[in-house]
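Q: I would like to learn how to read a protein model feature by feature. Could we take sheets, pockets and cysteines in turn?

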Amino acid sequence: MGVSTVTQQQSNHQPSAAVAAFLRRPKQLWIDGTWVDSVSGRAIEVYDPATGRQIDSVQAGVAADVDRAVAAASAAFESAAWRGLRPADREALLWRLSDLVARDADILAELESLDNGKPVGLARMVDVNGAVEYLRYMAGWATKIHGRVIHPSFAGLPGAEITVNAVRDPVGVVGQIVPWNFPLLMAVWKLAPALAAGCTCVLKPAEQTSLTALYLAELVAEAGFPAGVVNVVTGLGHEAGAALVAHPDVAKIAFTGSTEVGKIIGRGCMDTMKRVSLELGGKSPVIVCADADLDKAIPGAAMAIFFNAGQVCTAGSRLYVDAKIYEPFMAGIAAFASGIKVGPGWAPDTQMGPLVSAEQQARVLSYIEIGKAEGGELLVGGEAQGDEGYFVKPTILANVNPAMRVVREEIFGPVVVAQKFATIDEAVKLANTSDYGLGASVWSEGLSTAHRIASRLQAGSVWVNCHNAIDPAVPFGGFKQSGLGREHGEEAINLHTEPKSIWYAV
């Protein structure tokens, strides 16, 4: 199928009736259980990354809108309608929301594909199903937030018997700023533990991909959450996002995004001593040992970087291959990359969609040119695809070195840089020579070899003979400049609660 034919089909493709109806509805801000207009009166255009054409617009929320949303969340946090709920009631609400997300899975997957560019099948399997599973997992934590009794050795009150109840209180209003690579799933990652813990929320989705967050707000209302418990303010990061970080009544900020922005947010949170969790960038190494099963390692390493067009914080963007197998491995992964079907998200045979925006496409293409200029050997890809949309072909730059920008800096696109290593010590040193430490994978059929490497890697998640495996029960976060705090599991609940000690002298 030629490029012109694909382009014509992309232009003519029509969304389903349900999605078309949603796109026709005016987009407002969800504040205190109702749809309201932003005080700015401005709109942010929404584009289909497969065509570059506008498909919708959302409102540009500003500081005054954030004030309204935080006020609603603060009032809801203190209200009997929310604070008076039993933990089992919060659990039931989250389960009800998960059922509604599952009910509308096809609509949400199609919206996510239109908004972000990813294949519909991928959005259905990973984003929507993952959101359902995460909501259900976190729902269970609502009834399992326990305190403990401590018998201290304090001697300052003679004759009194002293006990201490150590409990965990919900932190309060949580401001949540999420990225554009997994818009629905990241929104749920932020909302679910906060709600399970008894917090209230103001969610600011990425300005490029706000549609599923707004649809989710409708489902939150249908599920029966009290007004003001969940608020959604669309808008630009430097306006709505910055106002959320600066607001004195926001007790915690939960952010997923770039390290550069995360540092700004972290500094801003210190002005009011907000609690903060930051899930930031990555430059994850993939180490392929001489004893790796190439039938598994080649496609595994390829999808570690080309999954979601490389727009993944844990993308395996640095490839280190044992010199003994370097040539056959690189030939194999180049062939695999060349065979990936790149196309619009709605096409059933698409394996990799476009990048999210023209800006991101230009960024990735500029990094490819930098890598070539620095001396990287282009094996495959290296260019845009088609004459519309934001497509970049799967790209491999070989024979790189640690000094190159493409090795040191996060590209966030379908670009992997590769070099060989001679010893395990060298592989570990190369992998750890990074400002980031979010993920890493080791490919080896030898348990001893895999363990020796994995135990020395500076990364929050280390996978052996797989990559990008994520589960709601498993802590997720990074070392070094990849962030602060851990999401998922009990760690996510702890991020949204404050330890409190209550002393009793009787």
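The dialogue below goes through strands, pockets and cysteines.

A: One point before we begin: this is a predicted model.

Q: In what order do the strands of the open sheet that holds β5 and β6 lie?

A: To read a sheet, follow which strand pairs with which. Here 3 strands form an open sheet in the order β5-β6-β22, and the pairing is antiparallel. The edge strands are β5 (148–150) and β22 (497–505), each of which pairs on one side only. Neighbouring strands of this sheet are turned by 30 degrees against each other on average, direction ignored.

Q: How many bridges pair β5 with β6?

A: Strand β6 covers residues 162–170 and is joined to β5 in the antiparallel sense over 3 bridges. For a residue-level view, look at Ile150, which stands opposite Val164 in β6.

Q: Do β12 and β13 run parallel or antiparallel?

A: They run parallel, with 4 bridges joining β12 to strand β13 (residues 318–322). Within this pairing, Ile287 stands opposite Tyr320 in β13. The side chains of a strand can also be sorted by the way they point. In β12 (residues 285–288), Pro285 and Ile287 point one way and Val286 and Val288 the other way, and all are buried.

Q: What is the volume of the largest pocket, and which residues lie nearest its centre?

A: Start with volume, then lining, then chemistry. The volume of the largest pocket is about 1,300 Å³. Its lining has 45 residues, and those nearest the centre are Trp180, Phe255, Gly257, Ser258 and Val261. Two or more lining residues come from each of α10 (237–246), β10 (252–256), α11 (259–270) and α14 (358–373). The largest share, 7 residues, comes from α11. By class, the lining of this largest pocket divides into 20 nonpolar, 14 polar and 11 charged residues.

Q: Which element gives the most to the lining of the second largest pocket?

A: That is α7, with 7 residues. The second largest pocket has a volume of about 610 Å³. Its lining has 30 residues, and the closest to its centre are Val126, Phe182, Phe307, Asn468 and Ile470. The elements that supply two or more lining residues are α7 (120–141), α8 (183–197) and α12 (294–306). The lining of the second largest pocket is made up of 19 nonpolar, 8 polar and 3 charged residues.

Q: Where is Ile253 placed?

A: Ile253 belongs to strand β10. Ile253 counts as buried because its relative accessibility is 0%, the cut-off for buried being under 20%. It also helps to set separation in sequence beside distance in space. Ile253 and Ala206 are 47 residues apart in sequence and 15 Å apart in space, C-alpha to C-alpha.

Q: How many disulfides does a search of the whole structure find?

A: A disulfide is a covalent bond between the sulfur atoms of two cysteines. The search of the whole structure finds 0.

Q: Why is Cys199 not bonded to Cys201?

A: The cut-off for a disulfide is a pair of cysteine sulfur atoms within 2.5 Å. The closest cysteine sulfur to that of Cys199 is in Cys201, at 6.8 Å, so the two are too far apart for a bond. Cys199 counts as buried, because its relative accessibility is 0%.

Q: What is the distance from the sulfur of Cys313 to the closest cysteine sulfur?

A: The distance is 16 Å, to the sulfur of Cys466, and therefore too far for a bond. Cys313 has 14% relative accessibility, so this residue also counts as buried.

Terms used
Residues are numbered from 1 along each chain as its sequence is written. This is a predicted model: local features need pLDDT of at least 70, side-chain atom pairs count only at pLDDT 80 or more; totals for chains, interfaces and linings use all residues. Side-chain values use heavy atoms; hydrogens and water are left out. Two strands pair if DSSP finds at least two bridges between them. Axes are lines fitted to C-alpha atoms, for helices over the stretch in contact, and angles run from 0 to 180 degrees between N-to-C directions. On a 1 Å grid over the protein atoms alone, a cavity is a set of points where a 1.4 Å probe fits but cannot get out, and a pocket is an open set with protein on both sides within 12 Å along at least five of seven lines; lining residues have an atom within 4 Å of a point. Grid points are joined across faces, edges and corners, and a volume is the space filled by probe spheres set on the points. Ala, Val, Leu, Ile, Met, Phe, Trp, Tyr, Cys and Pro count as nonpolar, Asp, Glu, Lys and Arg as charged, and the others, Gly among them, as polar. Buried means under 20% relative accessible area, exposed over 50%, partly exposed in between (1.4 Å probe, protein chains only).
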